[in-house]
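This report describes selected features of one protein model, for a reader who is new to structural analysis. Please keep the structure in view while reading.

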Amino acid sequence: MTKDFLKTLLDEASRPFRSAGHFAYHYARGKLSSDAIFRELLRRGVFPPVGHYLDLGCGQGSLFAWLLAARKLFEAGVWPATWPAAPQALSLRGIELMQKDVDRAAHAFGAAHPIVHIEQGDMTTADFGHVDVITILDALHYFDFAGQTDVLRRIRAALPPGGLFLTRVGDASAGFPYHVCNWVDRTVTFIRGHRLPRLYCRQLADWVQLLEGIGFTVETDPMSEGKPFANVMLVCRVPAA
């Protein structure tokens, strides 16, 4: 059941990207099918039942397509019995630095989508507003340590008591898997048409210390699923009032 369901979910989530071109469609399918974090976010019920979302460094909006597809299937009764209910997004706002990705998202979701809005911007300067969930998947290491700290402080300020910040980082203390992870990251960045960036990475313990110092409670969970990577999902919550 779960294998068939995941194929159905993948088909539904990647469908919007057909209108955005060959690259956008196949990139979405490859990303959503090969990266375990998308499945695990739903299977583990990480997100709140209802909420407003902000995805920083959102690319072409693959996470949003995944969440929309999941909710559609859940409401249609096509959902694993052992999984929690699919989260309901009230709004899905994305901020992405690269205009090419923003353009792909515009073709995929359309300008008049009722809840999806993806804009070109720099997360180091953009206004985050006030939301329930903020996500950054594999993007914090693209700017320097002072910039990371500033972004994380502004994320904390944008979230209410009980709010969620979800991110994934590479653990710089992990040795060879960490270097493999960086090589893959650079390769994917190059394929997407971007310049090869300098990376600013930290050891996992340092990430946790930084986030806890800002005011989050932090849960860590390896998120490489058998691959020789050093990816760790960080589930960071603002303590309830």
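By class, the lining of the second largest pocket consists of five nonpolar, two polar and four charged residues. The model is a predicted one, and every value below was computed from it. Eleven residues line this pocket, and Leu6, Leu32, Ser33, Ser34 and Arg39 are the ones that lie nearest its centre. The elements that contribute two or more residues to the lining are α1 (2–14), α2 (22–34) and α3 (36–43). The space in the second largest pocket amounts to about 170 Å³.

**Aromatic rings**

A pair of aromatic rings is described by the distance of the centres and the angle of the planes. The count of aromatic pairs in the model comes to ten. In one of these pairs, the ring centres of Phe17 and Phe109 are 5.9 Å apart and the planes stand at 80°, so the pair is edge-to-face. The cut-off behind this step is that planes over 60 degrees apart count as edge-to-face. Phe17 is found in the loop between α1 and α2, whereas Phe109 belongs to helix α5 (residues 99–109), so the pair ties together parts that are 92 residues apart in sequence. Phe17 and Phe109 are both buried.

Phe165 and Phe216 form another aromatic pair, with 5.9 Å from centre to centre and 40° between the planes, and this pair is tilted. Phe165 lies in strand β5 (residues 164–170) and Phe216 in the loop between α8 (204–214) and β6 (217–222); the pair thus links distant parts of the chain, 51 residues apart. Are these two rings buried or exposed? Phe165 has a relative accessible area of 0% and is buried. Phe216 has a relative accessibility of 3%, so this residue also counts as buried.

Aromatic residues can also be grouped into clusters. Phe5, Phe74, Trp79 and Trp83 together form one aromatic cluster.

Two arginine residues lie over aromatic rings. Arg154 is placed over the face of Phe128, 4.2 Å from the ring centre. Arg202 is placed over the face of Trp207, at 5.2 Å from the ring centre.

**Salt bridges**

Side chains of opposite charge can pair when their charged atoms come close. How many salt bridges does the count come to? The count comes to 15 salt bridges. The table presents some of them, with the distance between N and O atoms.

| Basic residue | Acidic residue | N to O distance |
|---|---|---|
| Lys7 | Asp11 | 3.1 Å |
| Lys72 | Glu12 | 3.1 Å |
| Arg93 | Glu119 | 3.1 Å |

Lys7 and Asp11 both belong to helix α1, where they are four residues apart, about one turn of the helix. Asp11 has a relative accessible area of 25% and is therefore partly exposed.

The salt bridge between Lys72 and Glu12 links distant parts of the chain, with Lys72 in helix α4 (residues 62–75) and Glu12 in helix α1, 60 residues apart. The two partners fall into separate exposure classes: Lys72, at 48% relative accessibility, counts as partly exposed, whereas Glu12, at 16%, counts as buried. The cut-off that applies to Glu12 is that buried means under 20% relative accessible area.

The salt bridge between Arg93 and Glu119 also links distant parts of the chain: Arg93 is in strand β2 (residues 88–96) and Glu119 is in strand β3 (residues 116–120), 26 residues apart. Arg93 counts as partly exposed at 22% relative accessibility, and Glu119 is partly exposed with a relative accessible area of 23%. Elsewhere, Arg39, Glu40, Arg43, Arg44 and Asp221 are joined into one network by salt bridges that share partners. Arg39 is also among the residues that lie nearest the centre of the second largest pocket.

**Two prolines**

Where does Pro16 lie? Pro16 lies in the loop between α1 and α2. Pro16 is partly exposed, with 26% as its relative accessible area. The C-alpha atoms of Pro16 and Ala105 are separated by 9.1 Å, and these residues are 89 residues apart along the chain.

Pro222 lies in strand β6. With a relative accessible area of 63%, Pro222 is exposed. Pro222 and Met233 are 6.1 Å apart in space, C-alpha to C-alpha, and eleven residues apart in sequence.

How values were computed:
Residues numbered from 1 in each chain as written. Predicted model: local features only at pLDDT ≥ 70, side-chain atom pairs only at ≥ 80, totals over all residues. Heavy atoms only, no water. 1 Å grid on protein atoms, 1.4 Å probe; cavity = no way out; pocket = protein on both sides within 12 Å on 5 of 7 lines; lining within 4 Å. Points joined across faces, edges and corners; volume = space filled by probe spheres on them. Nonpolar A, V, L, I, M, F, W, Y, C, P; charged D, E, K, R; others polar. Phe/Tyr/Trp six-rings, centres within 6.5 Å; stacked < 30°, edge-to-face > 60°. Buried < 20%, exposed > 50% of the residue type's maximum accessible area, 1.4 Å probe, protein only. Lys NZ or Arg CZ within 6 Å of the ring centre and 35° of its normal. Salt bridge = Lys/Arg side-chain N within 4 Å of Asp/Glu carboxyl O.
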